[in-house]
Amino acid sequence: MTRHRSRRNPSSGFAKTTKERIVITEKEIAIRVFRTAHELSMRTVAIFSHEDRLSMHRYKADEAYQIGEPGQFTPVAAYLAQDEIIRIAKLRGISMIHPGYGFLSENAEFARKVEEAGITFIGPSPDVIERMGDKTKARRIAIECGVPVVPGTPGPISSVEDAKAFVNEYGLPIIIKAAMGGGGRGMRVVRSVDDLSDAFKLAQSEAKSAFGDGTVFLERFIDKPRHIEVQLLADKEGNVVHLYERDCSVQRRHQKVVEVAPAMNLSTEVRDKILADAIKLATAIKYRNAGTAEFLVDQQNRHYFIEVNPRIQVEHTITEEITGIDIVSAQIQIAAGALLSTLNLVQDRIQTRGYAIQCRVTTENPADNFKPATGKIEVYRSAGGNGVRLDGGAGYAGAVITPHYDSLLVKVTCWGMQYEITTRKIVRALVEFRIRGLQTNIPFLQRLLTNEAFKSGKTWTTFIDDTPELFKLVESKNRAQKVLKYLGDLVVNGSSIKGQMGEPAFKQKIELPSIRSLAGPEPVDVYKPPQHGWRHILVKDGPEAFAKAVREYKGVLVMDTTWRDAHQSLLATRVRTADLLNIAPQTSHALANAYSLEMWGGATFDVTMRFLYEDPWDRLAKLRALVPNIPFQMLLRGANAVGYTSYPDNVVYEFCKKAKETGMDIFRIFDSLNYIENLRLGIDAVKKAGGVVEAAVCYTGDVSNPNKTKYNLDYYLKLTEQLVNEGIHVLAIKDMAGLLKPNAATLLIGAIRKKWPDLPIHVHTHDTAGTGVASMLAAAKAGADIIDLAIDSMSGVTSQPSMGAIVSALEHSELGTGIRIEDVHAINSYWEQCRMLYSCFESGVHAGDSSVYDHEMPGGQYTNLMFQSQQLGLGTQWKEIKKAYTEANKLCGDIIKVTPSSKVVGDLAQFMVSNKLNYNDVIERAQTLSFPTSVVDFFQGYLGQPYGGFPEPLRSHIIKDQSRVDGRPGATLTPFDFEAKKLELVEKYKRSVRDVDVCSAALYPDVFREYREVVEMYGDVSVIPTRYFLAKPDIGEEFSVELEEGVTLIIKYLATGPLNAHTGKREVFFELNGESRAVGVVDKGAAVESVQREVADPGKPGDIGAPMPGVIVEVRVQPGASIMVGDPICVLSAMKMETIVSSPVSGRVDYVAVKESDSINAGDLIIRIVKE
């Protein structure tokens, strides 16, 4: 049917409006009515509850008055207080009352009281409201008029027995409805006789609560019907017109969600019948003012009357858009006595034009069963443009959404000439909205509006319930506000990054270097991919050809460790991805001849998530895109992958596969104990992934010292032979503590080169003692093909030897590195600035320490252990810890020390110093001590088998009756279920999950969970410049954050508000892209309470104190429980070190002094045990 719309303002015939005063009893519709009233030159008066005193409708009116005194009425009861509302109206000289569309709008008693008070009620007569409000009466009237109705009870019923009798006659399914109300309240669909009784009682209870009347009636339930309603207008002389129909089929729990006018796919025949029946009903009951006749249309296109709503509807806006008629204006003027004809509202002149759709934007969480969200709106940016209409109430920045009222924020109505155009327009409008601070249903509406069934206009009343894919929501990124939340927390609470001491020393913009072209003095365009690089050979010809080319190279090649081991050793692995990306293009040209860049694995994988709140896979992928020519290298801890424990074999294989696919090239495979079985697994996993297998021999001891016989030259040659037999591509000598002296390097490398002349050899060391440069030069001369170096400003002490020193020393010799010293200097200029930017993570190690030859502490662990010791309150006992480290190594059997075995020795050393234990004390008291979990795991065999075996009886005393692992630990572990984990993560985070995310969760379940929690709260913080990631901006300081290419936030920090004593929050004020923004931040300092804890009495054997400071992770005993020697009482966590505290005595638990998440100091009482 072709429809035309004539736009008019139906105001003719309404006189003397300047003296009229109108009052409205609700919020969003109140603003709508006020606007029309003002157009009619009327003064407006609002009423509001105490809880609504800040609501927008209050100050949109000319006057506003509170209903009752604070506390006199409940939030809802205030708007139901008929006598108080009428008292206010009479007192203020109100001439008309518009009831809106809720609360008292369908209350005949209220309408009668209004009229008795001499005030005009804008709506039907009380008699009509009463007759239409009672659905059983309305049903009888429809039958009398010959309007079809759904089979149902002739009147209200009061018992379950009556309901059963109806079911016996008409069958199931049925619907139970409240007789005195609507809006879906008091409705229950029953499909099984077994559910009838409970559903009947619930419907009665809900009807009684909502409408004050528990009367219900029954109807036969029609499956998948359409809900079509007709907008009516009628005057006092019985003239009735329709404004055509609306399709309100898209509902949830019988509440309308999206409405369309006119209805799509409704035949002319059915439409005409529905419109005629609506007119017939209104005429029969002498209807007056605006109302809506509602019908169901079944799948056979039969229509059935449901009810007449004697008020204006929420969705009236779409009818206004397609007809051009202001329904509220017509309401007011009809109430004042105007006739339809004087308002130019004649049926044959009312036509439609185009299509309109309305969505209701609410503060509800669709993913949580549409649970209402309450709180403060931090950001509110609405839509606009051609064909977009907004009718709002509570939608503005700063509005507080309470749980007292409807969750509607704004109604979005869009109009277009064609249905498809209108659907696209309303989707666009929803995309434009920016509402932050609490959840909305916008993502759900977007899914619904783009669903094919809706787009084709073929929906039904249970469409939402029948279409689960509507709940596969794509949440708004909310990136800008999340960035502000992070910055706000930084302003209020300071940096949350563990290990940070103070603020960065460098706060200027880092200057990027230029790289001179090989052909002349002009700088090279670093953003053009270099043509030269070893990775080209690897990609083209594969790992074997790559290894052969490396071996045939005449000089010595370099691996740059700056992107991993160097900053791990010097800056606690805290360098962020952004600062690596900044220098990546220049590095790809300056170090084009490098064998590899070490940039991943080990602690880097862990720390990016745990402390920097970044994704390690993203780091790898982004750097790979900027450096296509130089191979990337990582550390793979054999069967431990990049973790600190053994994993099921399939985890290691999957990890290597994903790492290779994401951009990794060379895998340095090592085992913390040189345990060949663990190494074999890693080698096979890398081979299957297609990576370069660089198997490592972890070096300890001193092969040049004849007095050190455990790890002698013969040991290393035999281990190398085992690795060569596995078909490795490259051999690595991993000297993680810097113990490889120049003479030892000459001896070891020379012997390997002599026996395996075609095997590429790669040597790694740390410069802790200061001999690193000499050792690397010796290794190169002895036949090493690759040596590990760091950019000058990131070299030395616990890091690797200086690249500039080695490059200069070998320049113009047959062992030249193929790297220009000027390019090293250029890259170094960047890292000089960058290191000052990270000065707050400096370890404080300013010089070499030759005592490493005694304690044999790995370089990376040296600085990390120093930091951990400070956090545990042992910073002043660093000398004692180094001594204890030597003794701890001896207690473990003089083992290879590299993560995670080095962690075992370090944890044991700190445990010994914290508890004032020496070597002999541990030997004598091992059976009663509560050792750190890592130590117990080691002695159980969960890291593998150490060379020479475990020391006995110490092993037995430490692990007591716990299990022993005598082979490769992962061999007996159940395969990890990646599919199940992925489903779990999708369900938990309600969004897509990548396979690499599942890998992260498999390797570090707790760390990944905590990382995702931070991301949910603050978004992708990797985009925040490091200066503002680590330290708050100055007041008035402006800076930018690039969310993605071409999308930049310009931020200015303005001020911080006072503490709200009730919420514990402060508001932090920013300017974002020129607009004011505020974020609420909990002041963690304000909530800190001083807790005085009881200290364990050393003289009482039953007083069990904490062996070290930390946080209680789990309490495993309860008061009254019997306990034996060695039983676990709690798990204590301190700086990534977990300790199971065991009972040293038997007895009964008398008192538990701690609970989960308590922070305690060494010696604080945990439990008290008494004799039974």
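**A helix across an open sheet, and a parallel barrel**

Helix α17, spanning residues 479-493, lies across the four strands β31, β32, β33 and β34, and runs at about 55° to β34. The model is a predicted one, and the arrangement beneath this helix is a good place to begin.

The four strands that α17 lies across form an open sheet in the order β31-β32-β33-β34, with antiparallel pairing. Its edges are β31 (1038-1044) and β34 (1075-1082), each of which pairs on one side only. From one strand to the next, the twist of this sheet averages 35°. Within the sheet, strand β32, made up of residues 1047-1056, is joined by five bridges to strand β33, made up of residues 1065-1072, and the two run antiparallel. For a residue-level view of the sheet, I1051 can be located on the structure: its bridge partner in β33 is L1072.

Elsewhere in the sequence, a barrel comes into view. Here eight strands close up in the order β23-β24-β25-β26-β27-β28-β29-β30, and their pairing is parallel. The twist in the barrel averages 30° from one strand to the next. One of the pairings can be followed in detail: strand β29 (residues 761-764) and strand β30 (residues 786-789) are linked in the parallel sense over two bridges. At this pairing, H762 stands opposite I786 of β30.

Taken together, the predicted model holds an open sheet with antiparallel pairing and a closed barrel with parallel pairing, with helix α17 lying across the strands of the sheet.

Terms used. Residues numbered from 1 in each chain as written. Predicted model: local features only at pLDDT ≥ 70, side-chain atom pairs only at ≥ 80, totals over all residues. Heavy atoms only, no water. Pairing = 2+ DSSP bridges. Axes fitted to C-alpha atoms, helices over the stretch in contact; angles between N-to-C directions. Contact = heavy atoms within 4.5 Å.
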